[in-house]
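Me: Please take a close look at one part of this structure for me. Start with a single residue, then work outward to the elements around it.

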Amino acid sequence: MLIDDYDPLKGKRLQILKETGTVIKTLEPQLEEDVLLKAYRTMVLTRAADDKAVKLQRQGRLGAYPPGLGQEASQLGPAMALDKNDWLIWAFREMGALIWKGVPLWRQFLYWMGNEEGNNFPDGIRVTPTSVPVGSQILHAVGISYASKIKKEGSVALVYFGDGGSSEGDFHEGLNMAGVLNTPTVFVCQNNQYAISMRRAKQTASQTIAQKALAYGFEGIQVDGNDLLALYAATKEAVDRARNGEGPTLIESFTYRRGDHTTSDDASRYRPEKEVTEWEKRDPILRFRKYLEKKKLWDDEKEKKLLDEIQDEVERCVAKAEAYHKPSIEDIFKHTYAEMPPELKDQMDRLQQREGSE
């Protein structure tokens, strides 16, 4: 078992796919060719859409946005291990995971354009809305998975958060209750080395984040966060354990955020360029492409065709989001409570009067 063999207290980190595109054969997950190609397409689409979102923000066509450059494998690998009825509880930097789960890309653009309708996902997609408050979604995941256990539903809840989230009280409360209640929860910490400008080493004295699971009575594993195959394999094992009643698992995805924290940030003010350059060499998409090429599944011609196709898809999604009707003043207020409290209605009325008079 991977989770037993890669003990974070012994300094072990799971890696299956190396930077050269070669794999450790004994650990290589047996994924169908169409799944591998879909995974590559999803990562390339994610990067293109992410780049477009940043440009839209700079043009004033989209609000503040959290880029995910360099974290494509970290986002996608865990999501690939989920079944249709499993829950995905995300934070705000997991575009690739949402695409894999079936959330339309144009709705993701719509959300970051400031329209809550972007969180209105199609029926049957078990993905919770965006959770910008750091760490709060961890508690939601434990609650959802506990409900699944009580109802004997058989579904698993997988939750993403960052290394900054692991410094919050919600992290400790969530993991503690997950251990006590033995819930079918998979915690995925995307350790991208910085909580905005705060280095990971300044957030905790622990050698790893994965080892924190042991204090709550369950297993943890640290995984190369730029290795799609390792993330899939570790998460698949954690999901299977959760589904079999063996409780929660904490996965630390050791990766790197190559972009800014958000478009309101300037990472060059606190992060050395040399460090970024070093992580560029570990690019998760390039590494996976080399893997596909070694398997004779990819070449330059297919790459060019894919990039053209994705460029068109991203532009179509942006156009659809920008053509969507603008939110009304009422939309800002009406989704918070089933019945709007008098004081909130008073605020809405006054805002409508003010805007109407301008």
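Reply: Thr 263 sits in the loop between S7 and helix H9 (273-280). This is a predicted model. Is Thr 263 buried or exposed? Its relative accessible area is 10%, so Thr 263 is buried; the cut-off for buried is under 20%. Leaving aside residues up to four places away in sequence, Thr 263 touches Val 54, Gln 57, Arg 58, Gly 63, Ala 64, Tyr 65 and Pro 67.

Now step back to the strand before that loop. Strand S7 covers residues 249-254. Six of its six residues are buried, so S7 is largely enclosed by the rest of the structure. Its side chains point two ways. Thr 249, Ile 251 and Ser 253 go one way. Leu 250, Glu 252 and Phe 254 go the other way. Both sets are buried.

Which strands pair with S7? One is S3 (residues 185-191), which runs parallel to S7 and is joined to it by six bridges. Within S3, Gln 190 stands opposite Ser 253 of S7. Another is S6 (residues 219-224), also parallel to S7, again over six bridges. There, Asp 224 has Phe 254 as its bridge partner in S7. S6 and S7 also belong to a β-α-β unit with helix H8 (residues 228-243). That unit is right-handed.

Phe 254 deserves a second look. Its ring belongs to one aromatic cluster with Tyr 194, Tyr 256, Tyr 270 and Trp 279. Two arginines sit over rings of this cluster. Arg 13 lies over the face of Phe 254, 3.8 Å from the ring centre. Arg 271 puts its charged end over the ring of Tyr 194, at 6.0 Å from the centre.

Next, the aromatic pairs. The whole structure holds twelve of them. One is formed by Trp 106 and Tyr 324, with ring centres 5.6 Å apart and planes at 45°, so this pair is tilted. It links distant parts of the chain, 218 residues apart. Trp 106 is in helix H5 (residues 105-112). Tyr 324 is in the loop between helix H11 (300-323) and helix H12 (329-334). Trp 106 counts as buried, at 12% relative accessibility. Tyr 324 is partly exposed, with a relative accessible area of 22%.

Another aromatic pair returns us to S3. Phe 187 and Phe 218 are stacked, 6.0 Å centre to centre, with 20° between the planes. Phe 187 lies in strand S3, and Phe 218 in the loop between strand S5 (198-199) and S6. These two positions are 31 residues apart. Both Phe 187 and Phe 218 are buried.

S3 has a helical contact too. Helix H6 (residues 136-150) packs its buried residues against S3, as well as strand S1 (87-89), strand S2 (157-162) and helix H7 (169-181). Which residues of H6 are buried? They are Ser 136, Gln 137, Ile 138, Ala 141, Val 142, Ser 145 and Ser 148. H6 has 15 residues. From first C-alpha to last it reaches 22 Å, close to the 21 Å expected at 1.5 Å a residue. Just after H6, Lys 152 takes a positive phi of about 55°.

To pull it together: Thr 263 is in the loop that follows S7. S7 itself is largely enclosed and pairs in parallel with S3 and with S6. Phe 254 ties the strand to the aromatic cluster, with Arg 13 over its face.

Methods. Residues are numbered from 1 along each chain as its sequence is written. This is a predicted model: local features need pLDDT of at least 70, side-chain atom pairs count only at pLDDT 80 or more; totals for chains, interfaces and linings use all residues. Side-chain values use heavy atoms; hydrogens and water are left out. Buried means under 20% relative accessible area, exposed over 50%, partly exposed in between (1.4 Å probe, protein chains only). Helices (H or I, at least four residues) and strands (E, at least two) are DSSP runs, numbered from the N terminus. Two strands pair if DSSP finds at least two bridges between them. A crossover is right-handed if, with the strands pointing away from the viewer, the path from the first strand over the helix to the second runs clockwise. Rings of Phe, Tyr and Trp (its six-membered ring) pair if their centres lie within 6.5 Å; planes under 30 degrees apart count as stacked, over 60 as edge-to-face and the rest as tilted. A charge sits over a ring if NZ of Lys or CZ of Arg is within 6 Å of the ring centre and within 35 degrees of the ring normal. The expected span of a helix is 1.5 Å times one less than its number of residues. Contact means heavy atoms within 4.5 Å.
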